[in-house]
Amino acid sequence: MSRTSYSRSDGERPSTAVVNALAAHEDTDVGEIRPQLYDVVDPDALDALFGPRLDGRPRTSGHVVFTYLGHRVTVHSDGHVYVGEVDETAESGVTPVDE
């Protein structure tokens, strides 16, 4: 099973980290990825999931999982993004971020 781990840089949006992780996994240029992320997931919503809470406190736990270009993408609140094979026994779709 092929899997790529990507650690988000300070200030890097989760949506940007997903595209960078996928490009690294596919060994391709970010600009070559099609369909684009916004055709699959709302990038602003993805970024908002991991933004600070309404009271300003950071989110310290949670993750979201979705399928993109035939890969299972997992984004964690700690800044890690994993791209791997789609597990056919796993539930597909998006799972919510823990509060």
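These legends accompany several close-up views of a predicted model of a protein chain.

**View 1. The whole chain, from end to end.**
Let's begin with the overall layout. The protein chain holds two helices and four strands, arranged along the sequence as β-α-α-β-β-β. It has 99 residues, and 38% of them count as buried. Among contacts between residues at least 6 apart in sequence, 53% join residues at least 24 apart. The exposed area of the chain is about 6,000 Å², with carbon and sulfur atoms supplying 48% of it.

**View 2. The four strands form an open, antiparallel sheet.**
Across the sheet, the strand order reads β1-β4-β3-β2. At the edges sit β1 (3-7) and β2 (63-68), each of which pairs on one side only. From one strand to the next, the twist averages 15 degrees.

**View 3. β2 and β3 meet in a hairpin.**
Here you can follow β2 alongside β3 (residues 71-76), paired in the antiparallel sense over six bridges. Two bridge pairs are good landmarks: Phe66 is partnered by Val73 of β3, and Tyr68 by His71 of β3. Two residues lie between the strands, and in the turn Leu69 has a positive phi of about 55 degrees.

**View 4. A second hairpin joins β3 and β4.**
These strands also pair in the antiparallel sense, over five bridges. Val73 appears again, with Val83 as its bridge partner in β4. Three residues separate β3 from β4, and Gly79 in the turn has a positive phi of about 100 degrees. Val73 is thus a handy place to look across the sheet, with Phe66 as a bridge partner and Val83 as another.

**View 5. Helix and strands share the largest nonpolar core.**
This core has 19 residues, and those with the most contacts inside it are Val18, Phe66, Tyr68, Val73, Val75 and Val81. At least two core residues come from each of α1 (14-26), β2, β3 and β4 (80-85). Which element gives the most to this core? That is α1, with six residues.

**View 6. A closer look at Val75 and the residues it touches.**
Val75 is among the core residues with the most contacts inside the core. Leaving aside residues up to four places away in sequence, Val75 touches Pro14, Val18, Phe50, Gly62, His63, Val64, Phe66, His80 and Val81. Three of these neighbours, Val18, Phe66 and Val81, are likewise listed with the most contacts inside the core.

Methods:
Residues numbered from 1 in each chain as written. Predicted model: local features only at pLDDT ≥ 70, side-chain atom pairs only at ≥ 80, totals over all residues. Heavy atoms only, no water. Buried < 20%, exposed > 50% of the residue type's maximum accessible area, 1.4 Å probe, protein only. Contact = heavy atoms within 4.5 Å. Areas by Shrake-Rupley, 256 points an atom, 1.4 Å probe, with all protein chains shown as cover. Pairing = 2+ DSSP bridges. Axes fitted to C-alpha atoms, helices over the stretch in contact; angles between N-to-C directions. Core = buried A, V, L, I, M, F, W, Y, C linked by side-chain atoms within 4.5 Å.
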